[in-house]
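Visitor: I would like to learn how to read this model, feature by feature. Can we take it in short steps?

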Amino acid sequence: MSEIRKLAVAYVSLLLLLALTVGSSFFDLGGFNSGLNLAIAVAKAVIIATLFMHLATAGTLPRLAVAAAGLWLAILFGLTLAGQWGNGS
Amino acid sequence: MSASTRSVAFDTPAREKAADAFGMWVFVGSEAMLFGAVMLVFFVARVSYGPAFAAASKHLSLTLGTLNTAVLITSSFTMALAHFYSDARRWRAAVGTLAATALLGIAFLAIKGTEYAMEFHEGIAPVLGAPFTFDGPDPVHAAFFFGLYFTMTALHGLHLACGIIVVAGLLALWRGADASSRKRRVQAVGLYWHFVDVVWVFLFPVLYLINR
Amino acid sequence: MSFGIPFAPGEASSSAGSVDTLFYALLGFTGALGGFLTLLVVGYAVKYRAGSGANRTGERGRSLPLEIGWTLASLVIAFAIFGWGATLFVRRDHPPADALQIAGLGKQWMWEFRHPGGQREIDELHVPVGKPVVVSLASQDVIHSFFVPAFRVKQDAVPGRTTHVWFTATEPGRYHLFCAEYCGTQHSEMGGWVDVLPPEQYAAWLSGQGEGETLAAAGEKLFRALGCSGCHGASSKVRAPPLDNVYGRPVALANRSTVIADERYLRDSILQPAKEVAAGYEPVMPSFDGLVDEAELQMLLAYLKSLSPQGPPNNEAIR
Amino acid sequence: MSSDAATQLSYLDEGAGPRAWLLTTDHKRVAWLYLVSLTAFFFLGGAFAVLMRLELATPGGDLVSDDVYNRLFSLHGIIMVWFFLVPSIPATLGNFLLPLMIGARDLAFPRLNLASWYVFVFGSLFALFSVLAGGVDTGWTFYTPLSTLYANGFVSTAAMGVFIVGFSSIMTGINFIVTVHTLRAPGLTWFRLPIFVWTIYATALVMVLATPVLAASLILIVLERVFGIGIFNPDLGGDPLLFQHLFWFYSHPAVYIMILPGMGVVSEVLPCFSRRPLFGYKAVALSSMAIAVFGFLVWGHHMFVSGQSAYAGVIFSFLSFCVAIPSAIKVFNWSLTLRKGEITFEAPMLYALFFLALFTFGGLAGLFLAALAVDVHVHDTYFVVAHFHYIMVGGMVTAYMAGLHFWWPKMTGRMYSETWGRIAAAATFIGFNLTFFPQFVLGFLGMPRRYHTYPPEFQFWHVLSSAGAVVLAAGYLMPLFYLGWSLFRGARAPDNPWGATGLEWQTASPPPPHNFERMPRVSRPPYAYAMKGLKHERFSPHKETTGETAA
């Protein structure tokens, strides 16, 4: 049953994070709201990927796929934004 | 050997299952690029028109959005259970959790549809020539926000609908499938379902929680 | 002896020579490398053809020093070319301060130019020889590209933003002006001529065009007609920032950041006033998006620039 | 292993009806489905090109109207890029050879493979519809706001066609990646893989990661046209440059989708006909991966004069020079492979040598375009047109022809006419250079691309180019006839007519349905040519000229 317990813990923590992100939006954190929301979203994604999608135990190949997607997203965002805002405008 | 491989290429079901999972992960990575590109468009616009976007975001229903997030997280949980039960060969429980997953998916789409209807009613759906009435300071860019909102949520909804269809198909073919096929399919569909959930996990704060 | 067949475009601007130097250096390098590789491959093909008596003994398959050697050599050469090209390129962003300012507007399918004195011409651009010229480019509809081969300059005109291209013509004459970015049905008809005139002829041409009102003056009229002066004027009841000496200087924004009031900022402030509100003012200005077209926008910008006489770059250089 | 055609059934013997072909999951038959569809698109796109070249023989718009001309080059680009070049080698030769080369019975997902072809056909119906209904006038680049607000052609259907074909590309890519990772024969380590497998793997990587971004940008265009969501419309808050970023994020790596498999083919052909191992095998293998990764970092060099920040221009130029290095390494390695060989000049080898020449010159022209100040002058001129045709046609299509001739005996069990093969290879080389070299000069002179009419002083070079196009077209038409003829009358091919190494040559020609009678084990490095104890008999047309009637 430890597997089910693990999934249940993941589920509950996802709901708690949801409550946290919605709750935090009612307070003005002086520009950090968006950052906090994104950090919580990343945390949720990590929980789903490692526990629900078994990334933690899936071996090298799936991790390779995730790492590649992450790297390429970084390229897409980084260089596009350099082109859009490189002049500081 | 009772367990079969579906592709002639593999010697054992175990190797095929691992290959299936890897293939699904590669697909998920590919899909991440699709949503990433749309997110990039949103991000650029969000930085350019921050106040207009914040004002427009307040017109979305936070209650329904939060509810929907909870619904989708729950569906991911039931899907993870289905994966666990099918690996443990507890077929009845697996079928039950899969059905629950599909129903939660349908519930999500129903709530989303309600939101869309409310937004059309309120006149903040600047698509298909619907009238746009917005009394904030910068209606042009508020309209841009709603355009992006509809694009992103519809793209996500489309993916979820595909997921529901695939889960339904999985259940329809359940009887005829042997044990290894069932495990393989539940695993593959599960990976896709969780990914669609992850997309929503990002869409929700990005769209609903702008400086609220 | 070219028998009337053209091999190279004429050089008629101050930057054409330096670009061509790089071009011909590249041509020499690539020609030498390509020629060497061709000789090598053809030589091997002949020498080691099946049945030839060539010596085939010796080590085979790889040679680490050789591989490292050519990798490093390629890197060094590539970075040298990069540096050379980039050095010439960044000059594009730094037009001389005393340049003549001309507003260029692309629309399907013509180029429209306005001189500081208000003279307007279509598909034809008269410029004086030896004087730096900045053409600020805007587009009414789709993306166009201002291209004068003899000057070795090109710049896209993008709807929704202002771009710049500058050159100093060095040879009087008549040169092709093309649209280089595909812009629809009559793309290949969109273009004309750049006429480079000696200064005295240029002055004569300008006065021959009749003394129209200057671009800035037209902008000032528009400024009143659109009601801008009602709020931004000195005796206004609505609190709006005064616009004297704004262009080219830093502006504090309501969101605690600071921007330089360049053309982009002025343009955005007219079309999207809510985007970057100056600190200390209410965001009450309506958007003029859709009320002013690109040509009118260029007049307004010319007027706003004329309000800061020291603001770089000076657009009243030639009267 | 010897092929005894009388006793052994090949994949071609497994039923000949439409059912047996259209419902097959055999990767070798799916390769044929692609080959037939792609050939049709190649000649359709080629016909548009011939019409354009005819029009451009005179400076005025004498043959077709401006609107028709714009549709010709748009359709030529759309069809050639997405309906021929991107799937060309991967979906035909790659599909056929990948399992054979790694000693597998099939691809990892055979049904997905067949599905990818149906998706391709479905997408191509959209494209063909927009051709028949009146065409598209946006150029293949779909630049906004021209494509969203001003174009009057069938933009949405064409974009949907490209979007759908993108899915086929992604499916193929996933299949290839998983196959290479999971289905290599025992003993076949990564550094024993043929370069062709390396390049197909690198290509698949690019397909999977880049295509979705194209899909996103095309969806946004269609949404803008149909629903009025102004994502790239500056009047509504959008940004046209953002489209260019998304478009080139795909479309520059797509250039590597197009050229990498060609590099793979040439890396197989050159060692075989030189009887030498590939020089610097590891460097060639790793440079393929380097190209796939670095290819994603350079897209902004399409936008040096677009209004993106000058700072970004400098970064993109620098990265573009970086991506030139692995290509240069490959060229040096290919050239040195010939050294101390026993070189023969069959048609595949001729094509491969022509590839080497054309790719090298096209690549060197790329240095001009990556150098910022020169690019400002030649950007959007015929210099660019010449450059990418040297890479994509001179490189990719030539390599495709090399591969088609090289593996034709394996695919069909028949030999083609060597004489005609050599004539066609020579014709394409001459025709190609005559067509496209003058365009370098035109570009330097300042002739912008996509011009229906042009100033008369450019005519000399245009006439040369148009004349070359006729020779080139003849060079491409010839194989259609002699290869088609060989299908029925060609001499029976032995299992290994070229005496090549590689697992695909160790099975029958054509191979049995599941590729190998006995699953192979690998204990040698690739390209073990002229090693002690290995003898490779080569096919001699003079001994077995049963069906050979070389004109």
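Visitor: Start with burial. What percentage of the 89 residues in chain A is buried?

Guide: The model is predicted, so burial here is a count of neighbours in that model: 20 or more other C-beta atoms within 10 Å make a residue buried. In chain A, 29% of the 89 residues pass as buried. For chain D, the figure is 69% of 551 residues.

Visitor: Which elements does chain A have, and in what order do they run from the N terminus?

Guide: The order is α-α-α. Chain A has 3 helices and 0 strands. Its radius of gyration is 17 Å, well over the 12 Å that the globule rule gives for 89 residues, so chain A is more spread out than a compact globule. The C-alpha trace spans about 55 × 40 × 10 Å along the principal axes.

Visitor: How is chain A divided into domains?

Guide: The domain assignment gives domain 1 as 1-58 and domain 2 as 59-89. Taken over C-alpha atoms, the centres of these two domains of chain A are separated by 22 Å.

Visitor: Now a single helix. What span is expected for helix 1 of chain A, and what does it reach?

Guide: Compare the end-to-end distance with the rise of 1.5 Å a residue. Helix 1 of chain A covers residues 2-24, 23 residues in total. From first C-alpha to last it reaches 32 Å, close to the expected 33 Å.

Visitor: Which residues of helix 1 of chain A are buried?

Guide: They are Tyr11(A), Leu14(A), Thr21(A) and Val22(A). Next, look for their partners. Within chain A, the buried residues of helix 1 pack against helix 2 (33-52). Across in chain B, they pack against helix 3 (62-87) and helix 6 (179-208).

Visitor: Turn to chain D. What does its radius of gyration say, next to the globule rule?

Guide: Begin with the content: 16 helices and 0 strands. The radius of gyration of chain D is 23 Å, close to the 24 Å that the rule gives for 551 residues, so chain D is as compact as a globular protein of that length. Its C-alpha atoms fill a box of roughly 70 × 45 × 45 Å along the principal axes. Check sequence separation too. Of the contacts in chain D with a separation of 6 or more, 85% join residues 24 or more positions apart.

Visitor: How many residues do chain D and chain C put into their contact?

Guide: Chain D gives 69 residues and chain C gives 72 residues. Then ask which elements supply them. On the side of chain D, several helices each supply at least two residues, among them helix 3 (66-85), helix 9 (240-274) and helix 15 (418-445). Helix 11 of chain D gives the most, with 13 residues. By class, this side of chain D holds 43 nonpolar, 16 polar and 10 charged residues.

Visitor: What about confidence in chain C?

Guide: Take the mean, then look for weak stretches. The mean pLDDT of chain C is 85, and 93% of its residues reach 70 or more. Residues 311-319 of chain C fall below 50, yet this stretch has 24 contacts in the model beyond near neighbours in sequence.

Visitor: Where do the domains of chain C lie in the sequence?

Guide: Domain 1 is 16-44 + 62-93, domain 2 is 100-208 and domain 3 is 215-306. The C-alpha centres of domains 2 and 3 of chain C lie 26 Å apart. Their contact takes 10 residues from domain 2 and 11 residues from domain 3. Strand 1 (100-107) and strand 5 (132-139) of chain C each supply at least two residues of the domain 2 side. That side has 4 nonpolar, 4 polar and 2 charged residues.

Methods: Residues numbered from 1 in each chain as written. Chains lettered and ligands numbered in written order. Predicted model: local features only at pLDDT ≥ 70, side-chain atom pairs only at ≥ 80, totals over all residues. Contact = placed C-beta atoms within 7 Å. Helix = DSSP H or I, 4+ residues; strand = E, 2+ residues; numbered from the N terminus. Nonpolar A, V, L, I, M, F, W, Y, C, P; charged D, E, K, R; others polar. Rg over C-alpha atoms; globule rule 2.2 N^0.38 Å. Buried ≥ 20, exposed ≤ 12 C-beta atoms within 10 Å, placed from the backbone. Domains from an automatic or database assignment. pLDDT = per-residue confidence, 0-100. Expected span 1.5 Å × (residues − 1).
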